[in-house]
Structures are given as structure tokens and as C-alpha cells.
Amino acid sequence: MPSRLSDAFETHPTFQHHHIQNLDLNSLQHLPDSHAWASELTDYSLSPDINGLFNLPIIDLNDPINGPKHLVHACKTWGAFQIINHGVSNQVVHRMEAAAKKLFSLPYEEKLKAERFEDGATGYGPIRISSLFPKRMWSEGFTIVGSPIQHARELWPDNYTSFCDVTEEYQKEMKELAGKLMWIVLESLGITKEDISWAGPNGEFKDSVGVLQLNSYPICPDPDRAIGIVDHTDSSLLTILHQSNQSGLQVFREEIGWVSVPPVEGALVVNIGDLLHILSNGLYPSVLHRVVVNRDRHRLSMAYLYGPPNNVEISPLSKLVDHYHPPLYRPVTWTEYLGMKAKLFYKALSALRL
Ligand SMILES: C=C1C[C@]23C[C@@]1(O)CC[C@H]2[C@@]12CCC[C@@](C)(C(=O)O1)[C@H]2[C@@H]3C(=O)O
Ligand SMILES: O=C(O)CCC(=O)C(=O)O
Ligand SMILES: [Fe+2]
């Protein structure tokens, strides 16, 4: 069985290759057929009036009275929430955002020097799942697992360290915040440090793994027929997302539809991922989300997908399981799950159902 996250791609480079030519989205005046989704997209977007009635909860991490109860509600009904007073300095976020902007503003041919290969984890290109679909998405991505040094060297041979330093600083802050959020979420389920041995002796989640996904959504000439990122759940335990000052993220609520998540200055969005769905035995379901694009403004986002240490098997926590609540999922490592997602995509979670 593969042991490193990146091994999942070497062992399962199974994303069906389709022969759509890669295009520089930043230079196109018309939507090419390869990116026109109209007939495939089922759109349940809410009208602005109705959308205003449903707001992704904003949780103040410094509010010990209301915070926890809002959190439980958000995890059960939305699978996502925004956080404020999260302790990550604005400066660190803005430095990372500036570094990401600098990267995506490079000429297309330059960016291709840092291309992510089919069997690699880090690098520039369409998001991982894009080759599962007959049409291309209106986005470019840069995925970072560990250090981006090799790719940064290709992009900026004389000055690659500043990109690496900013990335390292951002990943460190995200990892710390993700550990903190894990305990807030787990404690809301009655789980304590003794219940999760892989969190380490002090519950620090020292060996947990994070993947930083930078996303750029260029201005789109025909946004109604394009999609930035198609609807998906994240494979992570949880994902911490910074979106630049431009809307586009939507989350799906059963019986309501697609609800827009407007950017809130200083706030970060937290998504429950598939592995937390499994760990909580379905009590906190992973959130289906997508990104729509627009014709006026470029959009940028930075998603930190946080997962367990390699080789740790995630299964429903025994405290949440009893005669009346049998375990719903079989154990799985993150690496194995990514391989399943690459093959089964929407059906990956249900393929683990007992
Ligand atoms: C660890 C990973 C999860 C992810 C695939 C990846 O290998 C690296 C990036 C992640 C991401 C970000 C954008 C959406 C997504 C579905 C994708 O294609 O790449 C997720 C993947 C995931 O959560 O399954
Ligand atoms: O751009 C966004 O707001 C969301 C990106 C996303 O869903 C992802 O990277 O997994
Ligand atoms: Fe996502």
C-alpha cells in the first residue's frame, strides 16, 4: 500500500487522459467549445433575493458562549462555516495572496515550466479532477505538497526563495489553525485527546499533512456557460479557504440549492471534508461546493486541505458508534481514499459504506 500522499498519484495516475489542448485562459476573448458546459451544468443558483436569506454561519473563535453552538449547527446543516478571530495575521494571508498573484500573472509559457505532471503532486495546471470531465474548467491551479522549491526554481531561477518562504510561513499558520479547528470540531462531538491516538501525545496533530491549492479564475467571456470548479467535496478532514475580495464560491444545501458565500474581509471559510464525514460517522457531512466565474473581475483563492498522517486509517470514532449507531464506513487512509476519488469521484464515499 502506498505510504506517502504523493504515492497515490504514482500508484493511481488513473485520471483518464483526454485530449483537450491546454489553453491560456487569460488571453481568450471567446469561450472555446472545450470550456462550454451549458448542457452539462444543472444550475440551481438562487436568485439574489432568496440567496440573501441564507448565509453561511460566521463563527467567532473568541466567543465561548455562542461559538460552540453555532459551530454544531453549521457542521450539521451546512458542512461549512466562516471563522473570524482565528489568530492568523492578515499580513501572512496577504503576503501569500500577493505571491499567488505574482505566480498566476506570469506569462503562460513561463508557468508551464512549473507544470504538475500526471504522476506528481506539486505544480501548475488544471485542478486534479479536471481530467475526469469531458469539458475543461475555467481555472488554473498551483498545488503545493511540502516545499515548492523545485518548481519555484524553474519560475524564478534567481529569486525562488521568497516564494518558498512565504509558502512555508502560510502552511505553518494553516497547520496550526487546522489542529485548533480539529479540536473545536471534535470536542463538539464529545471527543477528547485520549480518543485520537494519531493526534500525538499532546494532541498537536504534528504528523498531519496539508496540501495548499492556489486557484486562479481569470475573467471569463461567457460565465453562464463556464464553471470555475465543478461541484465536489474535498477529500480532506477539513479545508481552510481564503477567497480574495471577489465572490464565486457556492455551497450546496439540500432542499435550498446553491448558496453564494460572499467574501468577508479577514474571515476564512472552513469546509468539512470527506475524511471528517467518515470520522464523525456521517454526523458532520462533507459539503458539496463549486466555483462560478464572472466577466468583470479576476478571482483568486487559497485552499489548505488538511488530512491525517500518512498510513493512519480513518474510521468512525468508537465513541460515536454503538448498537443503535453502527459504523457506516470502513477504515481508509488518505492515500487510499485519494486513489478511490480519482477513479470513482462522486461515488468514492459511498463505496466505503458498510
Ligand atoms: C490532496 C489532494 C486533494 C485534492 C487532490 C489533491 O491531490 C491535491 C488538491 C486537492 C484538490 C483541490 C481542488 C479540488 C479537488 C477536488 C482537486 O481536484 O484538487 C481537490 C482534491 C480533493 O480534495 O479530492
Ligand atoms: O475557489 C474557491 O473558493 C474554492 C476552491 C476549492 O473548492 C478547492 O480548492 O477545493
Ligand atoms: Fe474544494
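**Figure 1. Residues around ligand 2 in the predicted model.** Gln 213, Asn 215, Tyr 217, His 232, Asp 234, Leu 241, Leu 249, His 289, Val 291, Arg 299, Ser 301 and Ala 303 surround ligand 2. The model shown in this and the following views is predicted.

**Figure 2. Oxygen atoms of ligand 2 and the side chains of Tyr 217, Asp 234 and Ser 301**. The side chain of Tyr 217 has a polar atom 2.6 Å from an oxygen atom of ligand 2. In the side chain of Asp 234, an N or O atom is 3.3 Å from an oxygen atom of the ligand. Ser 301 places a polar side-chain atom 2.6 Å from an oxygen atom of ligand 2. On its own, ligand 2 exposes 300 Å², and the protein buries 95% of that area.

**Figure 3. Ligand 2 in the largest cavity**. The largest cavity is where ligand 2 sits. Three elements each give two or more residues to the shell around the ligand: strand 5 (209–217), strand 11 (289–291) and strand 12 (299–307).

**Figure 4. His 35 in a loop between two helices**. The loop that holds His 35 runs between helix 1 (7–11) and helix 2 (48–51). Is His 35 buried or exposed? His 35 counts as buried because its relative accessibility is 4%, and the limit for buried is under 20%. The side chain of His 35 also makes a polar contact with the side chain of Ser 34, at 2.9 Å.

**Figure 5. Glu 194 in the loop before strand 5**. Glu 194 lies between helix 7 (161–187) and strand 5, in the loop that joins them. Its relative accessible area is 68%, so Glu 194 is exposed; the cut-off for exposed is over 50%. A polar contact of 3.0 Å links the side chains of Glu 194 and Thr 192. How far apart in space are Glu 194 and Leu 241, C-alpha to C-alpha? The distance is 29 Å, and the two residues are 47 residues apart in sequence. Leu 241 is one of the residues around ligand 2.

**Figure 6. Cys 75 and Cys 220, two buried cysteines**. Cys 75 has a relative accessible area of 0% and is therefore buried. Cys 220 counts as buried because its relative accessibility is 0%. How many disulfides does the structure hold? The number is zero. A disulfide is a covalent bond that joins the sulfur atoms of two cysteines.

Technical notes
Residues numbered from 1 in each chain as written. Chains lettered and ligands numbered in written order. Predicted model: local features only at pLDDT ≥ 70, side-chain atom pairs only at ≥ 80, totals over all residues. Heavy atoms only, no water. Disulfide = S-S within 2.5 Å. Buried < 20%, exposed > 50% of the residue type's maximum accessible area, 1.4 Å probe, protein only. Near = heavy atom within 4 Å. Polar contact = N/O pair within 3.5 Å; in protein donor to acceptor, adjacent residues only side chain to side chain. Areas by Shrake-Rupley, 256 points an atom, 1.4 Å probe, with all protein chains shown as cover. 1 Å grid on protein atoms, 1.4 Å probe; cavity = no way out; pocket = protein on both sides within 12 Å on 5 of 7 lines; lining within 4 Å. Sits in = over half its atoms within 2 Å of the grid points. Helix = DSSP H or I, 4+ residues; strand = E, 2+ residues; numbered from the N terminus.
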